[in-house]
Amino acid sequence: MSETANDPRLNAYAHTLIANARLSSHIETELAAAGGIGIDVYDVLVTLEDAPEGRLRLSDLADRIVMSRSGLTRRLDRL
């Protein structure tokens, strides 16, 4: 077994990725069951709700939801 397989930092990172994927899946399922919006839209709306006056520049919104500006533009176009 390699040293990296025993690295507690990498192990913690892997568990964080798994937990994030499971949580995102759970939220997506809950939103769908409620007949609501998808998590991609929810992410944008929650971020804007927390912003001053409910507004952000596109680049700031992209940074906060950890998405490229072009990816966010495509997402907003779908809205």
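**Exercise 1. What share of the contacts in the protein chain with a separation of 6 or more comes from residues 24 or more positions apart?**

Solution. Keep in mind throughout that this is a predicted model.

Step 1. Take the contacts in the protein chain with a separation of 6 or more; residues 24 or more positions apart account for 17% of them.

Step 2. Set this beside the secondary structure: the chain has four helices and zero strands, in the order α-α-α-α from the N terminus.

Step 3. Now for the overall dimensions. The radius of gyration is 16 Å, well over the 12 Å that the globule rule gives for 79 residues, so the chain is more spread out than a compact globule. Along the principal axes, its C-alpha atoms fill a box of roughly 50 × 30 × 25 Å.

Step 4. Finish with the surface. Of the 79 residues, 16% count as buried. The accessible surface comes to about 6,200 Å², and 54% of that belongs to carbon and sulfur atoms.

**Exercise 2. Find which residues of helix α4 are buried, and work out how they are arranged around the helix.**

Solution. Step 1. Helix α4 covers residues 69-78, and its buried residues are Gly 71, Leu 72 and Arg 75.

Step 2. Look down the axis of α4: the buried residues fall within an arc of 95 degrees, so they line one face of the helix. A general point helps here: an α-helix has 3.6 residues a turn, so residues three or four places apart point the same way.

Step 3. Turn to the other side of α4, where Arg 69 and Asp 77 are exposed.

Step 4. Ask what the buried residues pack against: they meet α2 (39-50) and α3 (58-64).

**Exercise 3. Inspect the salt bridges and say which distant parts of the chain Asp 43 and Arg 75 link.**

Solution. Step 1. The structure holds four salt bridges, and three are worked through below.

Step 2. Asp 43 and Arg 75 meet through their side chains at 4.0 Å, N to O. This pair links helix α2, home of Asp 43, to helix α4, home of Arg 75, across 32 residues. Arg 75 is buried because its relative accessible area is 13%, under the 20% cut-off. Asp 43, at 30%, is partly exposed.

Step 3. Arg 9 pairs with Asp 7, with the closest N and O atoms 2.8 Å apart. Arg 9 counts as exposed at 65% relative accessibility, whereas Asp 7 counts as buried at 14%.

Step 4. Arg 57 and Asp 60 form another bridge, their closest N and O atoms being 3.4 Å apart. Here Arg 57 is exposed at 56%, while Asp 60 is partly exposed at 28%.

Notes. Residues are numbered from 1 along each chain as its sequence is written. This is a predicted model: local features need pLDDT of at least 70, side-chain atom pairs count only at pLDDT 80 or more; totals for chains, interfaces and linings use all residues. Side-chain values use heavy atoms; hydrogens and water are left out. Buried means under 20% relative accessible area, exposed over 50%, partly exposed in between (1.4 Å probe, protein chains only). Helices (H or I, at least four residues) and strands (E, at least two) are DSSP runs, numbered from the N terminus. The arc is that of the directions from the helix axis to the C-beta atoms. Contact means heavy atoms within 4.5 Å. The radius of gyration is taken over C-alpha atoms; the globule rule is 2.2 Å times the number of residues to the power 0.38. Accessible areas come from the Shrake-Rupley method with a 1.4 Å probe; for residues, only the protein chains shown count as cover.
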